[in-house]
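Here are my notes on the model you asked about. Keep the viewer open while you read, and click on each residue as it comes up.

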Amino acid sequence: MLALARSFLERKGLGEARLEAELLVGHALGIDRLRLFMRLDQPLLPEEVDRARDLLVRRGRREPTAYIVGSREFYVRDFLVGPGVLVPRPETELIVDRAREIAKESGWDAPRILDVGTGSGCLAVTLALEIDGADVVAVDLSESALDWAQKNAEALGAKVDFRLGEGLEVARAAAAEGGPFHLVVSNPPYVEPGERDALSPEVREHEPPLALYAPPEDPDFWVRSLADDAQALLVQPGGRCLVELGHLQAERLRGARLGDQLEVNLHDDLAGISRVAEFGF
Ligand SMILES: C[S@@+](CC[C@H](N)C(=O)[O-])C[C@H]1O[C@@H](n2cnc3c(N)ncnc32)[C@H](O)[C@@H]1O
């Protein structure tokens, strides 16, 4: 079964066919890779073969593995995902690292945190669990994404105030109603028109366009709009905003000032690529 699965996935052009074959066959049997190897001499039941075949066919159509197995790890926790929500990416963990650092340095008691474009809730839920006393509000325009986020908060035991709506409108309303935020985080859609062809079929054909594409006429819309609203959204002094960037954006924003002359600092990810813009008061 493993050999057949591997050669099928190779024919479909998948780079890590062996690993993926093991993962998907294991998933069909409800066991991890280690247990799979302990069962190598055990014949498969016809329904197990059918289950494995279904998963392999989906992967052969380049559906993201995380959708097929139903989860993806983010900051050492499993987040449930499926069609209709962006799969959390490892580079987004940089926002959590930086947010924790800022919270620690600031010594806030009960920081108010806002996550704009929460998707699976990976940032909102992680910050609610990692930052002591955090009071987290999270917004998304996609009902389906928000369903996943709510499931994740429940499964991981995080308390987050999720709101459905347009990110900036909800942000302003939440600040007006509950007071400004100590931290605003966002991983907004940032793929620019020139980058679309470079996306893998997994991303281009399966992940939600609303989660991927920046407004084509204004690729810096999100970072600029959050900076324009910083006066209303952030606590002064000390409030900070962390926004994930695409790599073309990072080059445009290096050394820039946004909003009311706010200095933008860039943080690099583990691959040395500038990934996160930070600004605030
Ligand atoms: C790149 S995804 C990030 C999801 C998640 N924060 C993460 O890091 O995996 C961007 C998210 O922003 C949401 N979004 C796009 N436009 C929006 C808008 N105008 N208002 C609120 N959310 C929006 C999308 O639905 C999507 O869930």
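What follows is a set of numbered points, going from the ligand to the helices and then to some single residues.

1. Before anything else: this is a predicted model. Please keep that in mind with every number below.

2. Let's start with the ligand. How many residues surround the ligand? There are 21 of them, and the closest are G117, G119, G167, N187 and A211. Three elements give two or more residues each to this shell: α7 (122-130), β4 (135-140) and α11 (209-212). If you sort the shell by residue type, you get 11 nonpolar, 8 polar and 2 charged residues.

3. Stay with α7 for a moment, as this helix is one of those that contribute to the ligand shell. Is α7 mostly covered or mostly open? It is mostly covered, with 7 of its 9 residues buried. The buried ones are C122, L123, A124, V125, T126, L127 and A128.

4. Next, look at what packs against α7. A quick reminder: two packed helices are described by the angle between their axes and the distance between the axes. For α6 (residues 93-106) and α7, the angle is about 30° and the axes are 10 Å apart. Angles under 35 degrees count as roughly parallel, so α6 and α7 are roughly parallel to each other. The crossing of α6 past α7 is right-handed.

5. Which residues make that contact? On the α6 side they are I95, V96, A99 and R100, and on the α7 side L123, T126, L127 and E130. By type, this contact has 5 nonpolar residues, 1 polar and 2 charged. Notice that L123, T126 and L127 also turn up among the buried residues of α7.

6. Now try a residue elsewhere on α6. E101 sits in this helix. Is E101 buried or exposed? It is exposed, because 11 other C-beta atoms lie within 10 Å, and a residue counts as exposed with 12 or fewer. Its C-alpha atom is 9.8 Å from that of I131, although the two are 30 residues apart along the chain.

7. There is a second helix pair to look at. Helix α1 (residues 2-11) and helix α4 (residues 46-60) cross at roughly 15°, and their axes come within 10 Å. That makes α1 and α4 roughly parallel to each other, and α1 passes α4 in a right-handed crossing. From α1, the residues A5, F8 and L9 meet A52, L56, R59 and G60 of α4. This contact divides into 5 nonpolar residues, 1 polar and 1 charged.

8. Follow the chain out of α1 and you come to E16, in the loop between α1 and α2 (17-29). E16 is exposed, with 12 other C-beta atoms within 10 Å. How far is E16 from G121? Their C-alpha atoms are separated by 28 Å, and the two residues are 105 apart along the chain.

9. Compare that with L210, found in helix α11. L210 and G117 are 93 residues apart in sequence, yet 9.9 Å apart in space, C-alpha to C-alpha. You've already met G117 as one of the closest residues to the ligand. With 16 C-beta neighbours inside 10 Å, L210 counts as partly exposed. Leaving aside neighbours within four places in sequence, L210 is in contact with L141, S142 and P189.

10. Last, some backbone details. Which two residues have a positive phi although they are not glycines? R62 has a phi of about 70°, and Y75 has one of about 50°. R62 is in the loop between α4 and α5 (65-69) and is partly exposed, with 17 other C-beta atoms within 10 Å. Y75 is in the loop between β1 (71-74) and β2 (77-80) and counts as buried, with 20 C-beta neighbours inside 10 Å.

11. One more for your list: the peptide bond from Q236 to P237 is cis, with omega near -5°. You'll find P237 in the loop between α13 (230-233) and β7 (240-244).

Definitions and conventions:
Residues numbered from 1 in each chain as written. Predicted model: local features only at pLDDT ≥ 70, side-chain atom pairs only at ≥ 80, totals over all residues. Near = placed C-beta within 6 Å. Helix = DSSP H or I, 4+ residues; strand = E, 2+ residues; numbered from the N terminus. Nonpolar A, V, L, I, M, F, W, Y, C, P; charged D, E, K, R; others polar. Axes fitted to C-alpha atoms, helices over the stretch in contact; angles between N-to-C directions. Parallel < 35°, antiparallel > 145°, perpendicular 65-115°, else oblique. Left-handed = near helix turned anticlockwise from the far one by under 90°. Contact = placed C-beta atoms within 7 Å.
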